[in-house]
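Trainee: Could you take a close look at one part of this model with me? I would love a connected walk through a single helix and what comes right after.

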Amino acid sequence: MTCWTDNPSLRSTLDEQLDKAYRLGRLVAIRETDLDEDTFPSGCPFALADVLAKGRYPDE
């Protein structure tokens, strides 16, 4: 898996990529759950630093 630590030049695009991924995930969640779009925050509720923090996910 490629990550920003393997490709430091990607670091400058991470905020943008997180926003894009969240928007896409939100659209998929709305479509798959048939819930009102207001159920899901319009913007990513997670800070990039939190997403990248060690120990946030199992097996880290």
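Mentor: Happy to; here is a look at helix α1 and the residue that comes just after α1.

Keep in mind that the model is predicted. Helix α1 runs over residues 14–33. With its 20 residues, α1 reaches 28 Å from first to last C-alpha, close to the 28 Å expected at 1.5 Å a residue.

Now for the two sides. Leu 14, Leu 18, Tyr 22, Arg 26 and Ile 30 are the buried residues of α1. They lie on the same side of α1, because they cover an arc of only 135° around the axis. The spacing fits a general point: an α-helix has 3.6 residues a turn, so residues three or four places apart point the same way. Part of the cover over the buried residues of α1 comes from α2. Turn to the other side of α1, and you find Leu 24, Leu 27, Arg 31 and Glu 32 exposed.

There is also a salt bridge to look at, and the count is one. Glu 16 pairs with Lys 20, their closest N and O atoms being 3.3 Å apart. These two are four residues apart in α1, so about one helical turn separates them. Both are partly exposed: Glu 16 has 44% relative accessibility, and Lys 20 has 39%.

Finally, go just past the end of α1, where Asp 34 takes a positive phi of about 60°. That catches the eye because most residues other than glycine have a negative phi. Asp 34 sits in the loop between α1 and α2 (48–52), and is exposed at 70% relative accessible area.

Conventions
Residues numbered from 1 in each chain as written. Predicted model: local features only at pLDDT ≥ 70, side-chain atom pairs only at ≥ 80, totals over all residues. Heavy atoms only, no water. Buried < 20%, exposed > 50% of the residue type's maximum accessible area, 1.4 Å probe, protein only. Salt bridge = Lys/Arg side-chain N within 4 Å of Asp/Glu carboxyl O. Expected span 1.5 Å × (residues − 1). Arc of directions from axis to C-beta. Contact = heavy atoms within 4.5 Å.
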